[in-house]
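Me: I've got a structure to go through and I'd like to talk about how its pieces pack. Could you take some questions on it?

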Protein chains: 2
Amino acid sequence: MPSPTYQRIADDLRAAIVDGSLPPGAKLPSRHELARQYEVSDRVAVEAVRLLAAEGFVEARSGSGTYVRQRPQQQRLARSWYTDRRGGSPFRAETDAAGRTGTWECSSKRVAMTPAVAERLGVAVGDPGMCTRYTFLDDSEPVTLSTSWEPLDLTEGTPIMFPEEGPHAARGVVDRMAVIGQQITRTVETVTARTALAAEAEQLHARPGGIVMTITRVYHTADRPVETADIVIPVERYALVYEVPVR
Amino acid sequence: MPSPTYQRIADDLRAAIVDGSLPPGAKLPSRHELARQYEVSDRVAVEAVRLLAAEGFVEARSGSGTYVRQRPQQQRLARSWYTDRRGGSPFRAETDAAGRTGTWECSSKRVAMTPAVAERLGVAVGDPGMCTRYTFLDDSEPVTLSTSWEPLDLTEGTPIMFPEEGPHAARGVVDRMAVIGQQITRTVETVTARTALAAEAEQLHARPGGIVMTITRVYHTADRPVETADIVIPVERYALVYEVPVR
DNA sequence: TCGAATTTGTGCGTATGTATC
DNA sequence: GGATACATACGCACAAATTCG
């Protein structure tokens, strides 16, 4: 079976973009022009271009034209073994090093552990936990969403019970846990990717349908998991960098 | 400005899928049904469903219906500090541990270093290099593509010049470089994600437009970078797991 | 086995609105 | 303001796959 026409047109244009004959910023033929060249109806050309837009290869500007997307300079988000060496939060250390201004907003509330989170933390479903939602901002632009859970059987009644209140606020998890004698020794990060949900796209000022990477992070002491988080990062603006010692 | 209707319909369905009211395998209303429910034309319902299909939430079967996709069990691809402790290739160690059968195909050729690769390896553009393309198979299913470059000023004339020939074939890069006295001490992996190119989708037996993670890997000795690779992994089947010591 | 009904995939022509130049 | 270009929407038509009596 032959590919449908709109696929064939999209394939032609995609190939031209990938091999550089349509460089970033170049303007695609208008859909009238495409329809004429391929001898198809206007609508078919629309479908072809819409497909490329959904794939992120081009960006349509109403009234102006459709252009090959500039791949915006990705910032690097280091997640290496050495990032937590100094005090403060890893995110702040990151942006400071790059000469940018990292801030965040958050809110915490008590929750009952859901099955997925309970399993990661090795606690029972329904156990009490502290759930904190963060939005990280880089020069006022939202760049990362994070939802974290800590088991209250560890932190209840301690000065670090609320991650962002009291004398130990705004430090990283590693430092905060150290205050109550929990020495975090390792973190396991599971990285995958998917398209952004509508709510996430809005919060991150990202394209709806844009790709996000998700990190499922679990901090461990020698004895047990003590914190877990779901982290959402738009691929448009950030790449993850892992530096790993060998042997 | 209000969202277009087809977006609103897609948002409703997407939310229902994410919160579980439309579980994996569930059948979506047909486009006639959707058009009736939302009091829109047939075409608008088609666009809404097409959007969800492009995002990978649903799968349409012609003549039957449109169904919420089963998320196939993601395999985990460990990229931790300890993976290279034993001999052989990391990929083989991985599949062996999971009780599966890892094999691969590859071909090597001499190339002149391109600017992007030359920069990673700290050599001059146009310097001679050995470029090897791998397709990794897991129980005969292609799961990872990798293109690797090694500078020939290091390996020319040595027994490891061709990665997959001679007495040291089919070992990992770390072991092979050790043969010529290059002790690899660390690797830097930059992780990002994008939609698959048509050729990649075909090679990986993946959905065209499906999401792949890409890893740009550089192996370093204490002195210099000695190998770099571009690795492409379909998100459908694999998640990356980084285990990172803290402090 | 056949055929009718259903459902998706694709395509055409048209219309209206809005953004850009 | 006018020409151009994209965004959305309507309605219709037919092919191909599937389902089911």
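What follows is a short run of questions and replies on helix packing, symmetry and salt bridges.

Me: Before we start, is this a predicted model or an experimental one?
Reply: Worth settling early, since every value below is computed from it. The model is predicted.

Me: How is α1(A) oriented relative to α3(A): parallel, perpendicular or oblique?
Reply: Helix α1 (residues 5-18) of chain A packs on helix α3 (residues 42-54) of chain A with the axes 8 Å apart and an angle of about 50°. Roughly parallel needs an angle under 35 degrees, and roughly perpendicular needs 65 to 115. The angle fits neither class, so α1(A) is, relative to α3(A), oblique.

Me: Which class of residue has eight members in the contact of α1(A) with α3(A)?
Reply: On the α1(A) side you'll find T5(A), Y6(A), Q7(A), I9(A), A10(A), L13(A) and R14(A). α3(A) brings V44(A), E47(A), A48(A), L51(A) and L52(A). Two of the contact residues are polar and two are charged, while the class with eight is nonpolar.

Me: And how do α3(A) and α3(B) line up, roughly parallel or roughly antiparallel?
Reply: Their axes come within 13 Å and cross at roughly 20°. The crossing is right-handed. Angles under 35 degrees count as parallel here, so the pair is roughly parallel.

Me: How many charged residues are in the contact of α3(A) with α3(B)?
Reply: Chain A puts in R43(A), E47(A) and R50(A), and chain B puts in R43(B), E47(B) and R50(B). No nonpolar and no polar residues take part. The charged count is six.

Me: Which residue of α3(A) meets E47(A) in a salt bridge?
Reply: The partner sits four residues away from E47(A) in helix α3 of chain A, about one turn of the helix. The N to O distance is 3.5 Å, and the cut-off is 4 Å. Over all chains the salt bridges come to 26, and in this one the partner of E47(A) is R43(A).

Me: What kind of axis relates the two copies?
Reply: A turn of 179° with a shift of 0.4 Å along the axis lays chain A on chain B, at an RMSD of 0.4 Å. The copies are thus related as by a two-fold rotation axis.

Me: In chain A, which residue has the C-alpha nearest the axis?
Reply: Both copies use the same surface, with 95% of the contact residues of chain A recurring in chain B. The C-alpha in question is 3.3 Å from the axis, and the residue is A193(A).

How values were computed. Residues numbered from 1 in each chain as written. Chains lettered and ligands numbered in written order. Predicted model: local features only at pLDDT ≥ 70, side-chain atom pairs only at ≥ 80, totals over all residues. Heavy atoms only, no water. Axes fitted to C-alpha atoms, helices over the stretch in contact; angles between N-to-C directions. Helix = DSSP H or I, 4+ residues; strand = E, 2+ residues; numbered from the N terminus. Parallel < 35°, antiparallel > 145°, perpendicular 65-115°, else oblique. Contact = heavy atoms within 4.5 Å. Nonpolar A, V, L, I, M, F, W, Y, C, P; charged D, E, K, R; others polar. Least-squares fit on C-alpha atoms with pLDDT ≥ 70 in both. Salt bridge = Lys/Arg side-chain N within 4 Å of Asp/Glu carboxyl O. Left-handed = near helix turned anticlockwise from the far one by under 90°.
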